[in-house]
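Student: I would like to go through this model with you, one question at a time.
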Amino acid sequence: MSTARIAGAFERRRAAGQGVLVTYLCAGFPDLETSVAVALACVEGGADVLEIGCPFSDPTADGEVIARASTAALRRGGGLSTALEVAARVRAVSDVPLVLFGYYNPIFVAGERETAQRALAAGVDAFLVVDLPPEEEQELGPAASELGLGVVPLVAPTTRESRIARLAGARPLPPFVYCVSVTGVTGRAADGLAVASRRAREIGDRVGAPAVVGFGVTGPSSAREAGLHADGVVVGSALVQVVEDATARGLSPSETAKLVREATSPLAHAVHTRNEPSAPPPSAPRT
């Protein structure tokens with residue numbers, strides 16, 4: 001399998017006039033079993049693509065919620081291997097597209113080619129490496145491409161035009177472009193998501209690939225706003241917060257998964273019905 005799973009998810013939603021919901025989870029938080037249950041709960045709640053976060057000690061792009069989750073996962077021995085194990089267990093029961101989300105250091109230490117081979121074996125479809133700019137993909141990019149895996153680039157509000165032009169000329173094209181809505185970290189409510197959504201549309205058209213908006217999407221209302229023009233919306237911290245709250249209450253993996261499923265469903269409804277502004281969510285939003 002290649003990035004076809006990701007392309008198929010975007011094509012299906014686009015044909016229906018809908019946006020794609022991408023959800024993030026921190027692998028190994030609070031433990032492996034809960035991570036797998038949470039991932040599958042996201043799918044059951046309507047997520048179209050899963051980002052499986054590889055916990056890292058210095059998550060510079062992430063806010064306090066995901067940083068706490070990463071720290072807790074690392075203390076339990078989590079890391080790249082845990083993230084790949086979560087991916088493999090999800091892939092065993094689901095055809096949902098999987099993106100391995102993280103930072104470059106663990107990949108560099110393990111080796112780019114070895115990591116790409118392990119990711120392919122685990123059923124991963126693409127990498128998203130926060131601190132790996134396109135100009136530095138000489139090792140991971142070819143290793144992933146040779147195996148049919150994609151590398152998702154990030155575009156921030158401060159990204160230079162020359163870098164966007166470089167993405168437009170890239171071959172193979174990325175499976176999608178992740179457009180960051182703010183010059184900040186994840187988990188903070190963002191203003192101007194509609195502006196970010198329009199910019200994502202413009203960038204997607206220029207690059208020739210789907211474009212999603214992430215960072216600052218805290219609930220169904222902001223998900224709808226972020227998805228007005230973009231091909232999709234990413235929600236991370238709001239769902240990790242649900243897991244954190246459930247963990248603090250001592251809930252079981254299945255109980256935690258139920259809460260995540262209930263939180264994902266209105267997010268999916270908002271993104272999938274973006275062209276129906278009067279459509280009510282199926283249940284109360286959970287942010």
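The questions below go from the core to one helix and then to the salt bridges.

Tutor: This is a predicted model, in which local features need pLDDT of at least 70, side-chain atom pairs count only at pLDDT 80 or more, and totals for chains, interfaces and linings use all residues. Residues are numbered from 1 along each chain as its sequence is written, and side-chain values use heavy atoms, with hydrogens and water left out.

Student: Which helix gives the largest share of the largest nonpolar core?
Tutor: A nonpolar core is a set of buried Ala, Val, Leu, Ile, Met, Phe, Trp, Tyr and Cys residues joined through side-chain atoms within 4.5 Å. This one has 94 residues, and Leu 50, Phe 127, Tyr 178 and Val 235 touch the most other members. The largest share, seven residues, comes from residues 253-272, helix H12. Helices (H or I, at least four residues) and strands (E, at least two) are DSSP runs, numbered from the N terminus.

Student: Where do the buried residues of H3 fall, seen down its axis?
Tutor: Buried means under 20% relative accessible area, exposed over 50%, partly exposed in between (1.4 Å probe, protein chains only). In H3 the buried residues are Val 65, Ile 66, Ala 69, Ser 70 and Ala 73. The arc is that of the directions from the helix axis to the C-beta atoms. The buried residues of H3 line one face of the helix, because they fall within an arc of 130°.

Student: What do the buried residues of H3 pack against?
Tutor: The face turned away from the buried side carries the exposed Glu 64 and Arg 75. Contact means heavy atoms within 4.5 Å. The buried residues pack against strand E1 (20-26) and helix H11 (237-248).

Student: How many residues apart are Arg 261 and Glu 44?
Tutor: A salt bridge is a side-chain nitrogen of Lys or Arg within 4 Å of a carboxyl oxygen of Asp or Glu. Arg 261 and Glu 44 form one, with the closest N and O atoms 2.8 Å apart. Arg 261 is in helix H12 and Glu 44 in helix H2 (residues 32-45), so the pair links distant parts of the chain, 217 residues apart.

Student: Is Asp 231, a salt-bridge partner of Arg 201, buried or exposed?
Tutor: The closest N and O atoms of Asp 231 and Arg 201 are 3.2 Å apart. Asp 231 lies in the loop between helix H10 (220-226) and strand E9 (232-235), and Arg 201 in helix H9, so the pair ties together parts 30 residues apart in sequence. Arg 201 is partly exposed at 24%. Asp 231 has a relative accessible area of 6%, so this residue is buried.
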